[in-house]
Structures are given as C-alpha cells and as structure tokens.
Amino acid sequence: MDWCMRWGLWRIILSLIKILISFLLKETVWAIIEVFFRENSNVLLYVCDTSDGRQASRDRLFDIWFYEYEKQEEYIHLTAKVESDSIYYFASVILKITHPHLDEIKEAFDVFTEDMKDKLS
C-alpha cells in the first residue's frame, strides 16, 4: 500500500474516532444532566470555557446536542452571548419545563446576563 492510500485510510479512521468520541461524550453529558435533574429540581447554569478561544464551538455543539436530545421537550434551554474586549462569553440555563418558578428563573437569567455585560465591560 503506498503512502497516499495509507494517509487517506488513516484520515478516515481518525474521522470515525472523532465521531465516536463526540457521540459518547454527548451521551455522557446527557446522562449526567438526567441524574442531576432526577435528584434535584433545580436549575443548571453553565458558562462555556474561554481559555482556548473555542467557546463559540462549545456553545454551538451543546445547542446541537440539546436539539437532538430525545427528551428535549421536557426542558427549557436559555442562552446568552456577551461580548467584552472582542471575547464572546456564552452562558446557558437548563431547567425542567415543569419547574414551579420558571418565569422567575427566566427573569433571573436575564438579570444575570445584564450583570455579566456590566462586569465585563
């Protein structure tokens, strides 16, 4: 087998490994979230890591995972993007659609987002 064919085969194998890892990671994240909400009736707030400049990719990937999730109709997923000094910060809240304080939490997330803007600018 010549070098080009080996390189092409290697690239295909690496692509398949990436797909598998992404799938397993998605399944793991959702398993953790399901346990979290089964044991708590709280709210999950997360901010994407900015240390390597890939926060937009992380936010986009989680959005994709959320909308592919078979139980997504049971949850609300609120998102916000805040810019400061040419850096974008992505924050999200996930909570059950049946949460008794849904409206107050939406309002609190809006306040949180405005506070982020104020503190980062």
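This report describes the three-stranded sheet of a predicted model, with strand S3 as its centre of attention.

Residues are numbered from 1 along each chain as its sequence is written. Because the model is predicted, local features need pLDDT of at least 70 and side-chain atom pairs count only at pLDDT 80 or more, while totals for chains, interfaces and linings use all residues; side-chain values use heavy atoms, with hydrogens and water left out.

**The sheet**

Helices (H or I, at least four residues) and strands (E, at least two) are DSSP runs, numbered from the N terminus. Two strands pair if DSSP finds at least two bridges between them. The sheet is open, holds three strands in the order S1-S3-S2, and has antiparallel pairing. Its edge strands are S1 and S2, each of which pairs on one side only. Neighbouring strands are turned by 15° against each other on average, direction ignored; axes are lines fitted to C-alpha atoms, for helices over the stretch in contact, and angles run from 0 to 180 degrees between N-to-C directions.

Strand S1 (residues 44-47) is joined to S3 by four bridges, whereas S2 (residues 75-84) pairs with S3 over 10 bridges. S2 and S3 also form a hairpin with two residues between them, and Asp85 in the turn has a positive phi of about 50°. Some bridge partners are listed below.

| Residue | Partner in S3 |
|---|---|
| Leu45 | Val93 |
| Ile76 | Leu95 |
| Val82 | Tyr89 |

**Helices on the sheet**

Contact means heavy atoms within 4.5 Å. Helix H2 (residues 55-68) packs on the sheet and touches S1, S2 and S3, its direction making about 25° with that of S3. Helix H3 (residues 102-120) lies across S1, S2 and S3 and runs at about 15° to S2.

**Strand S3 and Ser92**

Buried means under 20% relative accessible area, exposed over 50%, and partly exposed in between (1.4 Å probe, protein chains only). Strand S3 (residues 87-96) is largely enclosed by the rest of the structure, because seven of its 10 residues are buried. In a regular strand the side chains alternate between the two faces of the sheet.

Ser92 is placed in S3 and counts as buried because its relative accessibility is 0%. Not counting residues up to four places away in sequence, Ser92 touches Leu44, Leu45, Tyr46, Asp59, His77, Leu78, Thr79 and Phe109.
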